[in-house]
Structures are given as structure tokens and as C-alpha cells.
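Thanks for sharing this one; I enjoyed going through it. Here are my notes, for you to read alongside the coordinates.

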Amino acid sequence: LSDSGTPASSIAQPCTAELQEAAERERELWFPWCGVMINSRTLEIAMDCSRYRGSYMADSITVEYDVNPGLALRDKLINFVKPRCHPIYLDSALNSTYRVQLHLFEVLSLAAIKYYCHVRKLTALSHANVPSTQFATRIVRDVAYCTYRFGSTRCEQAQCAFVVTADDVLYLTVKAFSLVLAKKQTDHSGLLRELADIGKRTAGSLSKGKRRELDAVMAEPVVRGILY
């Protein structure tokens with residue numbers, strides 16, 4: 001996932017070499033400490049995603065073949081995002097709005113990869129069908145809702161400033177799942193169409209400035225180095 005604290009779209013692009021040098025300087029500002037990354041210049045806090053790089057996400061997936069594997073998948077995704085909606089990442093007094101948005105996009109992209117791997121393993125081992133478009137859409141919406149609820153509630157309890165709205169989180173969730181599932185469009189074509197529709201409706205509720213902010217976040221290569 002991205003270690004950069006600067007939107008990709010805001011970096012001047014005179015040549016590839018200069019871009020790479022600037023990105024490397026930015027990465028050098030971050031150092032690991034107790035499972036998080038700290039920016040030595042701004043003191044912002046980021047999730048340490050290095051353990052996800054270079055390994056297959058599917059290897060960490062355990063599929064439950066119980067009465068309702070679909071609900072089990074939903075619960076797994078929600079339980080994955082919950083501990084990562086921590087005020088230390090979401091407090092805008094510690095982190096820039098961009099950093100908060102990027103953290104959420106990273107978490108949601110990882111959740112989308114887990115969804116992709118879980119469904120692929122479930123259908124391969126049990127010969128079950130891919131979740132219906134209606135149910136899969138419900139899972140994505142539930143992930144977005146719970147991510148916002150966890151973040152806003154925990155920040156309120158910790159008396160932290162949480163500047164992200166429910167529509168922001170839904171927009172990021174839809175885009176994260178769309179980017180990940182585009183790798184296997186034929187298996188998720190119905191869900192991708194629904195996500196495209198939800199994305200358009202949600203974008204319409206956002207200001208132009210907000211859309212530019214979120215689009216800058218989504219320009220970051222957050223799934224780089226993760227195999228799935």
C-alpha cells in the first residue's frame with residue numbers, strides 16, 4: 001500500500017526519474033514504530049501495510065462452509081475493518097484530511113481484496129455460486145456503513161475530530177471494490193454494474209471539491225505489491 005503522504009495528482013511530472021526521486025524522499029520520512037508508521041516531518045500516523053506486500057492474500061483467508069457462508073464472509077470483512085478504524089489514524093488533529101481519507105481507502109481496498117479471495121476460494125472448493133448481485137451489494141454497503149460508524153463513534157468517544165462523512169466512506173468503498181474486482185470482471189459483472197451506479201449517485205451528493213479530494217486519494221497505488 002502507499003507510503004506516500006502526498007496526493008499523486010499534486011506531484012509535478014517533468015520526468016519519471018524526478019517523480020521516483022520525490023516519491024523515494026517521501027517514503028524515507030516514514031519510520032515504523034509498534035505496528036504503525038510515523039512521519040518524521042509531520043508526525044502523522046499511518047497503518048504499516050508492509051506485511052501485506054509480496055505475499056498472496058488468499059493464503060491468509062479461512063473459508064467457513066457453514067449454513068450461511070455469505071453472512072460469514074460479511075462478518076469477516078466487518079471484523080477486519082473494525083480494529084483499523086482507530087482514532088489514531090482518523091483524528092484530523094493528528095493527520096491531514098488527505099491522510100485520513102487515504103487510510104480509509106487502504107483499509108477498504110484490503111477488505112475488497114479479502115472479499116475477492118474469499119469468494120474465489122469458496123467457489124473453487126465448494127463449487128458454490130458467486131454471491132448474488134443483490135447480496136454482494138449488501139455486503140459492500142454494510143462494509144461502508146460499519147466503517148463509517150466505527151470511525152465516527154470511536155472518534156467521538158475519544159473526543160477526536162472526524163472530518164469524513166458517510167457519503168465519503170461509501171464513495172471510497174465503492175471505488176475500492178470496483179478497482180479490485182475489475183481484475184475478474186466476468187465473475188463480478190453484476191456487482192460491478194451496481195457499484196458503478198451507486199458510485200454515480202454518491203458522487204452526485206458530493207461537492208466538486210470533495211470529489212477532487214477523494215479522486216486524488218484513489219490515484220494512489222494502494223494495492224501495489226499485494227498479490228491476489
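The points below start with the strands and then turn to the nonpolar core.

1. Please keep in mind throughout that this is a predicted model.

2. Let's begin with the pairing of β1 and β2. Strand β1 covers residues 30-33 and runs antiparallel to β2, with four bridges between the two. One pair to look up is Trp33 and its bridge partner in β2, Val36. Two residues lie between the strands in this hairpin, and Cys34 has a positive phi near 50°.

3. On its way to β3 (residues 45-47), β2 again pairs antiparallel, this time through three bridges. Here Met37 has Ala46 of β3 as its bridge partner. The hairpin of β2 and β3 has five residues between the strands, and Leu43 takes a positive phi near 65°.

4. Are the two faces of strand β2 covered or open? Both are covered: Val36 and Ile38 are buried on one side, and Met37 and Asn39 are buried on the other. As a reminder, side chains in a regular strand alternate between the two faces of the sheet.

5. Now for the core. The largest nonpolar core holds 66 residues, and those touching the most other members are Met57, Leu90, Tyr115, Cys117 and Leu172. Helix α4 (residues 97-126) supplies the largest share of this core, with 16 residues.

6. Which residues does Cys117 touch, leaving aside those up to four places away in sequence? They are Met57, Ala58, Ile61 and Tyr228. Met57 is thus a contact of Cys117 and is also listed with Cys117 among the core residues that touch the most other members.

Terms used
Residues are numbered from 1 along each chain as its sequence is written. This is a predicted model: local features need pLDDT of at least 70, side-chain atom pairs count only at pLDDT 80 or more; totals for chains, interfaces and linings use all residues. Side-chain values use heavy atoms; hydrogens and water are left out. Buried means under 20% relative accessible area, exposed over 50%, partly exposed in between (1.4 Å probe, protein chains only). Two strands pair if DSSP finds at least two bridges between them. A nonpolar core is a set of buried Ala, Val, Leu, Ile, Met, Phe, Trp, Tyr and Cys residues joined through side-chain atoms within 4.5 Å. Contact means heavy atoms within 4.5 Å.
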